[in-house]
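Me: I am new to this structure and would like to go through it step by step, with the reasoning spelled out. Could you show it to me before I begin asking?

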Amino acid sequence: MYFKDCNELNIDQFLNKKYKFYAHIDENNSKKEKETLKEHTDRTQYYFELIFKNKKLEDAFLKIENTFFDGYSENLSKIFREMLINTVILHDIGKLNPLFQSQKMKNKIIKDKTTLDKYQKVITSKHSLISSTIYLDYYYNYIKTEYKDLTKEEKQIARLFMALNSHIISRHHSDLGDFESYMSNLDKKRDSKILAINKLIRDEDIDLFNKYGVGLNQKKLDTIKKSVDSALKNIPKEKAICLFIYQRLVYSMLVASDYYATSEYINDVKIASVGQIDDIKEIYDVFKNTDINKKIEKYKNINFNQNEEKSFENVDINVLRSEIFIESEKSLVGNNNENIYYFEAPTGSGKTNSSLNLSYKLFELNKNLNKIFYVYPFNTLVEQTTKSLDNTFGNNKKVYEKIAVINSITPIKQKSKDKTKDQSDDKAGNQDEYEDSDYQKFLLDRQFLNYPIVLTTHVSLFDTMFGDRRESCFGFYQLPNSVIVLDEIQSYKNSIWTEIITFLNGFAKILNIKVIIMSATLPDLNKLLDCDEKTTTLIKNRDKYFLNPLFKDRVEARYDLLDQEFDEDVLFDHVLESMKLKKKILIEFITKKSAYAFYQRLKEEMEFGDNDNALIELMTGDDSIYERNRILGMIKSEKAEQDGIILVATQVIEAGVDIDMDIGYKDISILENEEQFMGRINRSCKRHGIVYFFNLDNHNKIYGDDYRHNNEFTLLKSENREILQNKNFTDYYKRIFELLKRRNNELNENNIDDFFAKTVANLKSTEIKNRMQLIDDDDWSTTIYLCTTIHLEDGTIIDGKEVWDNYKELLKNNEMDYAKKQVKLSQIKSKMNYFIYQVRCSERPCYNDIIGEIYCIFDGEEYFKEGKLDREKFENNIGEFF
């Protein structure tokens with residue numbers, strides 16, 4: 001209904017009927033009819049409207065209209081909608097380019113060499129910029145003649161969206177690019193390619209299309225540029241974000257529609273759904289029927305309403321978990337119309353299960369919602385939640401098929417023909433079960449996030465939200481009407497916390513996104529804003545849980561090692577004393593170098609000392625999934641329970657690792673990490689846990705410009721020890737927020753108002769991407785592939801050299817269908833992650849083979865000692881880990 005009264009163009013109106021124009025040919029099937037430009041346009045429009053309908057986007061575009069057009073005439077909304085739908089219809093009209101037709105479509109509509117040379121000089125065989133030029137030409141005149149009653153200010157706004165749509169058309173086969181750079185092409189001080197294209201396509205000697213309007217000239221381009229500059233001048237933050245959303249949403253929809261249309265012609269794959277949840281009941285019913293949730297429901301019916309004033313000091317921990325589950329749901333139901341929810345609960349209180357319930361409950365309450373994103377800072381947390389969902393839905397194939405993991409280590413999801421099981425490994429592919437069209441569907445689903453439930457990382461989500469690559473924007477249209485559960489948002493640099501919460505608020509309002517932000521150490525990011533943005537705190541009385549002895553006192557924080565002269569020998573002697581207790585001991589260092597060194601020292605002590613029966617393990621980010629699971633199994637073994645175990649680890653242990661240790665040692669870093677670490681000790685609350693903090697490595701080098709690494713915010717200060725003891729992180733964040741606000745108001749590149757007024761409003765995509773990047777790129781990063789042999793628990797043997805050779809062979813295979821090749825590559829890359837390491841190298845390492853920027857070393861076993869990397873040998877021969 002949104003486009004019901006719009007003047008939708010027919011592309012044939014523009015084309016000279018004496019020529020036949022094509023959009024695509026199938027080079028692998030010479031018998032297939034060429035696809036006409038009209039046929040492709042109709043297909044693209046079909047998919048655009050399918051996305052619009054299935055994702056229920058009318059409300060989002062109405063909110064964009066309300067943000068920009070409030071107080072203006074209805075005609076402004078009318079021209080806005082017309083220009084939007086006709087962006088799709090005119091996106092490929094530039095394919096009338098005779099060089100495109102002759103070189104790409106084998107359609108020699110013009111044989112005159114002089115004419116072809118003109119096109120070669122101006123635009124070669126490309127078409128996108130021609131399409132955008134025709135769009136500009138048409139709508140400049142159309143606004144002037146058909147909407148002459150618009151006020152001057154309304155025309156400026158109309159021309160802003162006209163220019164923006166034109167820019168989107170010009171970039172639909174390339175990265176998003178900067179709108180500001182596109183607008184600079186309209187400047188009379190530059191050699192405008194747009195003018196050159198306009199002159200060429202309007203050449204009477206060529207006569208390719210019926211001319212609409214009277215053509216562009218520099219005066220008109222100046223008018224467009226001045227209109228855009230005026231519309232963007234002093235634009236408020238809310239409108240800047242709205243414009244940013246509009247650009248990415250339309251670009252994403254256009255690129256997706258174009259992809260789907262092309263795939264339908266080339267591969268005979270017709271997309272019927274974009275992966276929305278049509279019925280939450282079939283998911284929610286399975287979830288409610290699990291043992292744990294049936295017990296919570298039983299507790300709710302019998303006990304919950306009677307416990308408002310009851311003391312919870314001497315109860316089972318599952319009572320507190322049930323209380324948190326029920327209270328968070330009750331708060332959510334009572335604040336159903338809000339967009340952002342804060343869910344703060346102690347470590348070990350069942351946040352994952354509660355967050356699943358909250359996401360499904362939101363669907364029950366909001367009929368427009370149609371997708372769920374579970375987003376975590378690390379792949380280990382993604383794995384942990386995947387296991388939780390597997391336990392919940394694994395026996396219900398219909399529901400389980402709706403879930404997909406999107407990260408760098410998981411193969412592209414495949415579905416079996418009978419849709420009764422998920423197959424994502426080589427065994428499925430080797431059965432020749434799939435047609436090329438199946439692989440095309442699998443690839444499209446992955447590229448455009450066509451899954452009802454997505455598990456991914458913050459890095460992946462932020463790439464979709466802010467990345468400037470074409471592939472980054474593919475899935476942006478999936479964000480509207482979704483639930484996004486953000487876990488541990490505080491884990492990334494706080495220098496962009498203000499930008500994060502500002503964007504999240506804007507996205508939530510315009511796109512009807514429900515955001516649940518959860519953590520045991522949760523900053524109320526809204527306090528960084530200079531305006532009142534209402535959010536809902538799901539746990540009203542946090543002290544009821546955080547100060548309960550089961551959570552507050554289950555681990556004793558000790559500072560003996562922090563308050564004395566300290567070196568590694570002191571730590572080593574202290575650990576040896578603890579070993580005599582035959583307990584499970586966890587020791588965390590903040591650098592791999594220290595972890596490796598301490599592990600080796602312990603191993604030597606075990607070999608030559610009196611504790612040769614003790615179990616010693618090392619876990620770092622260098623370990624494969626297999627190795628990590630082996631270690632976790634060892635920790636839970638009967639021998640570890642009887643004789644104790646020491647696990648030396650890096651910060652990889654803090655999140656997403658389900659262990660329950662007795663004694664902890666930790667090198668101090670930021671306060672949130674100390675709390676996360678304590679969550680690994682006495683997790684079951686069945687005994688008394690102890691954590692000894694020490695100060696060995698310089699955490700300033702690790703946390704960069706994050707304020708939290710400053711000594712005034714660490715356990716070196718007594719007030720921060722009190723905060724950790726009483727779990728009162730509100731006071732801690734209050735001090736950090738003051739520094740962030742001061743930084744945001746500095747008169748330099750950090751200024752938050754300038755960022756939104758100048759960078760976001762002018763849609764400087766590259767600058768926005770760089771500002772919102774969660775992890776800074778390392779220019780010295782080198783990827784090393786070590787060929788070894790891995791024995792999995794199920795008996796499977798993975799030969800690293802064989803995986804490498806298969807990867808090379810597949811890359812060289814130019815006969816395999818593209819989509820099938822990409823799916824197969826994702827499977828092999830998943831296995832390659834067992835053997836890949838990131839290092840810093842001052843020089844190119846010695847290697848046996850190379851593919852792209854991956855250096856392969858065949859004798860990888862030489863760099864391992866007792867199943868662990870020989871760090872000293874590796875760094876001496878290759879480079880430094882990071």
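Me: In which helix is Lys330 found?
Reply: This is a predicted model, in which local features need pLDDT of at least 70, side-chain atom pairs count only at pLDDT 80 or more, and totals for chains, interfaces and linings use all residues. Residues are numbered from 1 along each chain as its sequence is written, and side-chain values use heavy atoms, with hydrogens and water left out. Helices (H or I, at least four residues) and strands (E, at least two) are DSSP runs numbered from the N terminus, and the run of residues 317–334 that holds Lys330 is helix α14.

Me: Is Lys330 buried or exposed?
Reply: Buried means under 20% relative accessible area, exposed means over 50%, and partly exposed lies in between, with a 1.4 Å probe and protein chains only. The areas themselves come from the Shrake-Rupley method with a 1.4 Å probe, and for residues only the protein chains shown count as cover. Because its relative accessibility is 53%, Lys330 counts as exposed.

Me: What distance separates the C-alpha atoms of Lys330 and Leu358?
Reply: Along the chain, Lys330 and Leu358 are 28 residues apart. In the model, the separation of their C-alpha atoms is 9.7 Å.

Me: Which residue in helix α14 forms a salt bridge with Lys544?
Reply: Side chains of opposite charge can pair when their charged atoms come close. A salt bridge here is a side-chain nitrogen of Lys or Arg within 4 Å of a carboxyl oxygen of Asp or Glu, and for Lys544 the closest N and O atoms of the pair are 2.9 Å apart. The pair links distant parts of the chain, 221 residues apart, with Lys544 in helix α23 (residues 543–546) and its partner in helix α14, namely Glu323.

Me: Is Glu323 buried or exposed?
Reply: Its partner Lys544 is partly exposed, with a relative accessible area of 23%. For Glu323 the relative accessible area is 1%, so this residue is buried.

Me: How many residues apart are Lys398 and Glu282?
Reply: Lys398 forms a salt bridge with Glu282, and their closest N and O atoms are 3.5 Å apart. The pair links distant parts of the chain, since Lys398 lies in helix α17 (residues 397–400) and Glu282 in helix α12 (residues 281–288). Lys398 counts as exposed at 56% relative accessibility, whereas Glu282 counts as partly exposed at 22%. Along the chain, the number of residues by which they are apart is 116.

Me: Which helix holds both Arg630 and Glu627?
Reply: Arg630 and Glu627 form a salt bridge whose closest N and O atoms are 3.0 Å apart. Arg630 counts as partly exposed at 25% relative accessibility, while Glu627 counts as buried at 11%. The two lie 3 residues apart, about one turn of the helix, and the run of residues 625–635 that holds both is α27.

Me: How many salt bridges does the structure hold?
Reply: The pair of Lys544 and Glu323 is one example of a salt bridge in this model, and the pair of Arg630 and Glu627 is another. For the structure, the number of salt bridges is 49.

Me: Which lysine of the positive patch has its place in the loop between α4 and α5?
Reply: Patches are made of residues with over 30% relative accessible area and no salt bridge, with like charges joined within 9 Å and nonpolar side chains (Val, Leu, Ile, Met, Phe, Trp, Tyr) within 5 Å. Lys and Arg count as positive and Asp and Glu as negative, with His and the chain ends not counted, and the place of a charge is taken as NZ of Lys, CZ of Arg, CG of Asp or CD of Glu. Lys104, Lys106, Lys108 and Lys111 gather in such a patch of positive charge on the surface. Between α4 (98–104) and α5 (113–122), the loop holds Lys111.

Me: Which residue of the negative patch is found in helix α31?
Reply: The patch of negative charge on the surface gathers Glu712, Glu719, Glu722 and Asp731. Found in helix α31 (residues 718–726) is Glu722.

Me: How many residues of α19 are buried?
Reply: Helix α19 (residues 436–447) reaches 17 Å from its first C-alpha to its last. That is close to the 16 Å expected at 1.5 Å a residue, where the expected span is 1.5 Å times one less than the number of residues. Tyr439, Phe442 and Leu443 are among the buried residues of α19. The helix is mostly covered, and of its 12 residues the number buried is 9.

Me: What is the relative accessibility of Asn682, a residue with a positive phi?
Reply: Asn682 has a positive phi of about 45 degrees although it is not a glycine. Asn682 lies in the loop between α29 (671–678) and β17 (689–694). Asn682 counts as buried because its relative accessibility is 0%.
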